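Here is a short tour of one protein model, told through its sheet and a few of its loop residues. Please have the viewer ready and follow along.

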Amino acid sequence: MGLFDKLFGSKQKESQEIKIYSPLTGEIVNIEDVPDVVFSEKIVGDGVAIRPAGDTIVAPVNGTIGKIFETNHAFSIESEEGVELFVHFGIDTVELKGEGFSRLAQEGQTVKVGDPIIKFDLVLLEGKAKSVLTPIVISNMDEISNLSKLNGQVVAGESVVLTLTK
């Protein structure tokens, strides 16, 4: 994409490959295995989940933070390429009313892959949440032509969890 295309918009949309990095250190789990139908049946979008091992959620893409829930358990982010992502720590964690979570970033903030967004107390949350599996979903799947999911152990801000074509 040339300078004029960026300034004035290209008439033809070129497909581009986009990498989504893990927002958490841990292990990738199939989205279908998340114990909540909203995620397992892909009602809010497709993606993967992470079984966390660390204590910080970081930016999975270069982009802008949209909404951070008042209870700090979830946030949305839009990548520079226009991919809309939703990261939701655990299941039924909204019921904890913010306990175990600390906000490190702000809504509207521009972030780079690996920038810290939310800090969490994994031991506390493992004891109180229904599940700590953390879905990472693409909410504008209608704009995605191909989605490749990776698996295995991942490191926050370093490991790719999804590769997609937009």
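Helices (H or I, at least four residues) and strands (E, at least two) are DSSP runs, numbered from the N terminus. This is a predicted model, in which local features need pLDDT of at least 70 and side-chain atom pairs count only at pLDDT 80 or more, while totals for chains, interfaces and linings use all residues. Residues are numbered from 1 along each chain as its sequence is written, and side-chain values use heavy atoms, with hydrogens and water left out.

**The sheet**

Let us begin with the strands, where pairing requires that DSSP finds at least two bridges between two strands. Eight strands form an open sheet in the order 9-5-6-7-11-3-2-13, and their pairing is antiparallel. At its edges are strand 9 (110-111) and strand 13, each of which pairs on one side only. Within the sheet, strand 7 pairs with strand 11 (residues 134-138) in the antiparallel sense over three bridges. Here L85 stands opposite I138 of strand 11.

**Around S159**

Between strand 13 (153-154) and strand 14 (160-165) runs a loop that holds S159. S159 counts as buried because its relative accessibility is 18%; buried means under 20% relative accessible area, exposed over 50%, and partly exposed in between (1.4 Å probe, protein chains only). Which residues does S159 contact, leaving aside its neighbours within four places in sequence? They are I20, Y21, S22, Q153 and V154, where contact means heavy atoms within 4.5 Å. A polar atom of the S159 side chain also lies 2.8 Å from the backbone nitrogen of V155. P60 is 99 residues from S159 in sequence, yet their C-alpha atoms are 9.5 Å apart in space.

**Around T71**

T71 sits in the loop between strand 5 (63-68) and strand 6 (74-79). With 15% relative accessibility, T71 counts as buried. Its side chain makes a polar contact of 2.5 Å with the side chain of H73. A polar contact is a pair of N or O atoms within 3.5 Å; within protein, one must be able to donate a hydrogen and the other to accept it, and residues adjacent in sequence count only if both atoms are side-chain atoms. Beyond its neighbours within four places in sequence, T71 is in contact with V94, K97, G98 and F101.

**Two positive phi angles**

Neither K42 nor D92 is a glycine, but each has a positive phi.

| Residue | Phi | Loop | Relative accessibility |
|---|---|---|---|
| K42 | about 60° | helix 2 (37-40) to strand 3 (46-52) | 33%, partly exposed |
| D92 | about 65° | strand 7 (84-88) to strand 8 (101-103) | 33%, partly exposed |
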